[in-house]
Protein chains: 2
Amino acid sequence: MSPRTSAAGSLQKSAPVFSALGDETRLRLIALLCAGGALSIAQLTAGTDITRQAVTKHLQVLADAGLVRDLWQGRERLWEFEAGRLDEARRSLDTIAQQWDRALARLKARLED
Amino acid sequence: MSPRTSAAGSLQKSAPVFSALGDETRLRLIALLCAGGALSIAQLTAGTDITRQAVTKHLQVLADAGLVRDLWQGRERLWEFEAGRLDEARRSLDTIAQQWDRALARLKARLED
DNA sequence: GCGTACAGCAACCAATTGGTTGCATATCCG
DNA sequence: CGGATATGCAACCAATTGGTTGCTGTACGC
């Protein structure tokens, strides 16, 4: 990768996380899980207009992205939020924003030159 | 929307932004545009293994999400980064993280009770 | 032990996505 | 003017996605 895209390397790792977050249903699941504790699939499905299987698939996508973790308890499969990858993604956005700010500062400096 | 998902409302608005960011090619474009100034489609295509049209489509996706803006200059169509929506998304992730931290704190308090 | 609630698996479907190719259009420059 | 450059538009394609239905398995509680 060329030098001028040095920041891109670490950025690209976050693509799967952003992709997982890029769906209203999944964002809702994330909001539920990070607010409450661990919830079952049935609980997460209640009140929605989609099927339990659809919710299961969404949870799987979130799990693949490392955003949630599942744990079995009896016949229930509980899902809980996992903060690690989301923090990474958050830092990625921070990096972009900082880079943008620096670019603006450089532009301003050149104009005032 | 139920009270316990109050944070979800503002979150959902960010879904299109996250969706747009959920692709390595588009993340690369964002990195390029927010580092440098305005770049043409030809410039953004150079060095990649995809077609100019593919890049155009990706830029359109980013534009629909409000992450980039285009401006014509002669026969060139220049694209530049636009920080607004990305900042919103950044705050969304911050909100989730804060909510999670509070949940952890409540859990900890209950355990130490 | 038996019904009920929680879940998995697989097949299937329509719509979207990421990408291509071919051709037309407009602008710059010698 | 005429060629090279920068782009748009449309059709087309395969793969992925978001969702469903039908059936099976398993743990809980009366």
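How far does a polar side-chain atom of Lys57(A) lie from a base oxygen of DNA strand D? We will come to that after a short orientation. This is a predicted model, in which local features need pLDDT of at least 70, side-chain atom pairs count only at pLDDT 80 or more, and totals for chains, interfaces and linings use all residues. Residues are numbered from 1 along each chain as its sequence is written, chains are lettered from A and ligands numbered from 1 in the order in which they are written, and side-chain values use heavy atoms, with hydrogens and water left out.

Now to the opening question: the distance for Lys57(A) is 2.3 Å. Two other residues of chain A also reach the bases of this strand. Gln53(A) has a side-chain N or O atom 3.2 Å from a base oxygen of DNA strand D, and Arg75(A) places a polar side-chain atom 3.4 Å from a base nitrogen.

Step back, and you can see the wider surroundings of the strand. DNA strand D is surrounded by 21 residues (each with a heavy atom within 4 Å of it), and the closest are Thr51(A), Lys57(A), His58(A), Ala42(B) and Arg77(B). Of the strand's atoms that come within 4 Å of the protein, 55% belong to sugar and phosphate. Both chains take part: α5 (52-64) of chain A and α4 (41-45), α5 (52-64) and β3 (76-81) of chain B each supply at least two residues. These helices (H or I, at least four residues) and strands (E, at least two) are DSSP runs, numbered from the N terminus. With four residues, α5(A) gives the most to this surface.

Next, look at where the two chains meet. Here 35 residues of chain B are in contact (heavy atoms within 4.5 Å) with 35 residues of chain A. The chains bury about 3100 Å² between them, 72% of it on carbon and sulfur atoms; this is the accessible area (1.4 Å probe) that two parts lose on being put together, summed over both. In chain B, the residues that lose the most area to chain A are Gln12(B), Leu93(B) and Trp100(B), together 19% of what that side buries.

There are two salt bridges between the chains, each a side-chain nitrogen of Lys or Arg within 4 Å of a carboxyl oxygen of Asp or Glu. In a salt bridge between Arg90(B) and Asp94(A), the N to O distance is 3.0 Å. Helices α1 (6-12), α2 (15-21), α3 (24-35) and α6 (84-112) of chain B each give two or more residues to the side that touches chain A, and α6(B) brings the largest share, 12 residues.

Definitions and conventions
Polar contact = N/O pair within 3.5 Å; in protein donor to acceptor, adjacent residues only side chain to side chain.
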